[in-house]
Amino acid sequence: MQLVSDQHRGSSVLTLPAALEKAAKMDLAGTGLKFLRDGGESVGLSYPDILHQVIHAAGSLRRLGLRPGDRFGLLEPDQHTFVILFLAALHSGIIPVPLAPPASFGGLDVYCAHLKSIVDVTGLSHILTSSPIKRIIDLDEKARIELSSNVLSQAKFDIEPASISRDSIAFLQFTSGSTLQPRGVTVTHGNLIANMHAIVERLAIRPDDITCSWLPLFHDMGLIGMLLTPIFIGIKAILMPPSMFLKRPLEWLKAISDGRCTISYAPNFAYGLCVKRVPDSELQNLVLSSWRVAGCGAEPIDYRTIENFCDKFKKCGFNARAFVPSYGLAESTLAVAFEDIEHGMKVDAVKRHSLARGVADPESGGNSAVKIVCCGRPFAGHELMIAGDNLSPCPERVIGEILVRGPSIMKGYYNNQEATAAAMHEGWLRTGDLGYLVGGKLYVCGRKKDLVIIAGRNYYPSDIEAMVSQVEGVRTGNVIAFSISGEGVQEELVIAAEIAAGIERGRELVEAIRSHLLETLGVKASHVLLLRPGTLPKTSSGKLQRQRAKELYVAGTLASHSRTTGVGSWAYCQYLTGRLVRNIRRLLGR
Amino acid sequence: MTHPNGELFAQLAKLVKNELSVGIELTESTRVVGDLNLDSLQAMHLVAAVEDNFGVAIPMELLPNIKTLGDIKELISKLRSP
């Protein structure tokens with residue numbers, strides 16, 4: 001069997017638009033894109049059809065007044081429309097900025113504030129969207145909001161394709177950065193091709209492979225991994241809206257089964273959701289034996305979730321060796337390291353207490369081992385280093401920050417030199433993730449940066465703290481948010497908030513904080529602690545210390561009044577907390 | 001409140017209690033996310049349960065304007081009307 005990577009090796013395809021033209025010329029039967037619709041008819045498009053629509057749409061974008069190098073927001077829930085407009089922009093040298101549509105109950109105020117921040121950072125002039133979204137968003141006229149359908153229905157307007165080089169910006173990826181201070185990763189055509197090339201090679205993608213995805217197209221894993229990579233090599237890709245999976249997880253597995261798909265990626269939580277929500281009565285209708293690459297990334301991988309998935313779906317023909325644990329981040333275009341294909345998940349059992357010392361000592365037997373999933377070797381043509389505090393390489397099994405260098409690494413954040421300078425060091429990307437190497441393979445075991453990941457979504461503590469500060473009774477600016485490992489490696493959000501002296505409604509305040517976080521950011525706080533003024537750890541200059549607060553919490557010494565602990569009276573808890581914190585301070589000599 | 005609407009709300013409340021094991025008393029002004037303590041995954045589970053039980057398809061783009069259980073009830077009756 002010929003590998004697609006063999007065809008592409010040494011080929012002259014330097015950009016995605018050129019790859020689309022090549023796929024359209026080859027016009028292989030059974031390739032192209034298929035869009036599944038929730039409760040509706042699916043739409044199939046061959047690569048020649050796609051190219052035709054893309055060229056037409058490229059003219060329409062120009063007619064809108066957009067010129068090469070201009071940015072526009074792509075806020076389009078319809079996947080077919082999204083794909084055509086995204087590719088049309090690349091074709092004409094215009095820079096698309098994929099934006100997440102509002103996707104749940106309420107929360108519109110925070111959503112619009114986030115959009116406005118992105119408009120400010122990128123200076124984008126237009127946002128293309130659907131009519132229901134246009135009706136509900138309010139951006140204070142910062143950008144022109146146009147209907148995608150109007151743009152696409154314009155009469156044909158011929159343009160010359162833009163001249164694109166490896167260094168030209170392809171698009172801006174906004175999954176990194178906080179809601180209130182978003183950071184856009186600048187993805188060049190060179191970055192994109194380098195990462196896709198490595199993916200194709202490592203997964204040994206063949207011309208008859210078929211991908212299937214429910215991942216959002218505004219996120220790197222869905223956009224690059226499950227849409228652009230199949231186009232790059234001209235294979236068939238099946239796409240479904242994220243809501244179709246989130247509402248009924250069975251739909252994802254049904255699409256893989258019906259389409260005889262071979263490659264599909266998802267975060268850890270999605271595999272867990274299938275275990276929990278796919279009824280046993282449906283298993284007899286699923287055939288998953290075609291699935292040869294079941295990729296898993298975008299959040300920490302819990303070996304138990306994967307084992308449970310394998311157990312449940314082996315009777316559908318699912319092969320446990322299909323699992324490909326992966327590590328990556330938007331700053332490296334998408335992916336950094338993959339486990340070898342056909343290996344399945346390998347775990348490293350290490351001594352729990354050794355991790356606290358910054359070392360991953362192997363544990364032979366015993367129940368106290370922590371099992372860490374192997375994310376495989378870094379991509380060819382890229383370098384990976386585990387670095388200590390002085391940024392020099394750590395020996396094997398010593399935990400340090402993961403640094404990556406190579407052609408997939410971003411040049412920087414768009415229009416944000418300060419954040420770029422903090423993330424880059426002599427060509428190395430500082431990922432902010434912690435890991436160690438064994439035999440050249442990467443094990444990711446923690447995080448240095450302030451970030452909370454729940455159900456595949458990134459939340460920034462600064463955003464969460466700002467929202468909690470809005471709740472009446474909370475001392476503004478005196479809130480710390482961090483995550484702890486809950487069951488397995490899944491994260492649980494902890495809020496420690498100082499409250500104004502004299503507030504007696506502890507339980508109500510805990511509920512108000514939880515509700516406000518759910519309604520604004522859509523994130524659930526697992527533990528809420530209310531503290532007396534002056535009890536949160538601060539630096540001498542008055543800056544809150546998140547890491548220290550987390551250490552105190554894990555040691556059981558930051559506990560106070562929370563619904564989950566359900567202890568004693570409010571006043572007594574306040575008293576106990578104050579005493580505990582005073583004792584800790586005395587012990588620490590402060 | 002008209003009788004059929006009252007019945008519709010009672011059905012909705014029963015569904016919410018069963019699907020999400022909610023302990024609190026439910027009224028039309030119960031806030032879907034804040035009061036029911038739903039994260040984004042549980043919210044989507046609720047949407048699917050409402051669709052399956054009331055035979056409607058809820059367009060995702062309508063969700064941002066839905067704040068209370070009363071809003072969901074209104075939406076169901078609107079989607080059901082010919």
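This is a short chat about reading a few features of a predicted model.

Reader: What should I know before I start?

Author: Residues count from 1 along each chain as its sequence is written, while chains are lettered from A and ligands numbered from 1 in the order in which they are written. Since the model is predicted, local features need pLDDT of at least 70 and side-chain atom pairs count only at pLDDT 80 or more, but totals for chains, interfaces and linings use all residues.

Reader: How many residues of each chain take part in the contact?

Author: Two residues are in contact if their C-beta atoms, placed from the backbone, lie within 7 Å. Here that takes 25 residues from chain A and 23 residues from chain B.

Reader: Which helix of chain A gives the most to the side touching chain B?

Author: Helices (H or I, at least four residues) and strands (E, at least two) are DSSP runs, numbered from the N terminus. On that side of chain A, α17(A) gives the most, with four residues.

Reader: Is α4(A) largely enclosed or open?

Author: A residue is buried if 20 or more other C-beta atoms lie within 10 Å of its own, with C-beta atoms placed from the backbone. In α4(A), 12 of the 13 residues are buried, so the helix is largely enclosed by the rest of the structure. Among them are A:Phe82, A:Leu87 and A:His91. After α4(A) comes A:Gly93, with a positive phi near 75°.

Reader: In what sense do β21(A) and β22(A) pair?

Author: Strands pair if DSSP finds at least two bridges between them. These two run antiparallel over six bridges, and A:Tyr436 sits opposite A:Tyr443 of β22(A). They form a hairpin with two residues between them, and A:Gly439 in the turn has a positive phi of about 55°.
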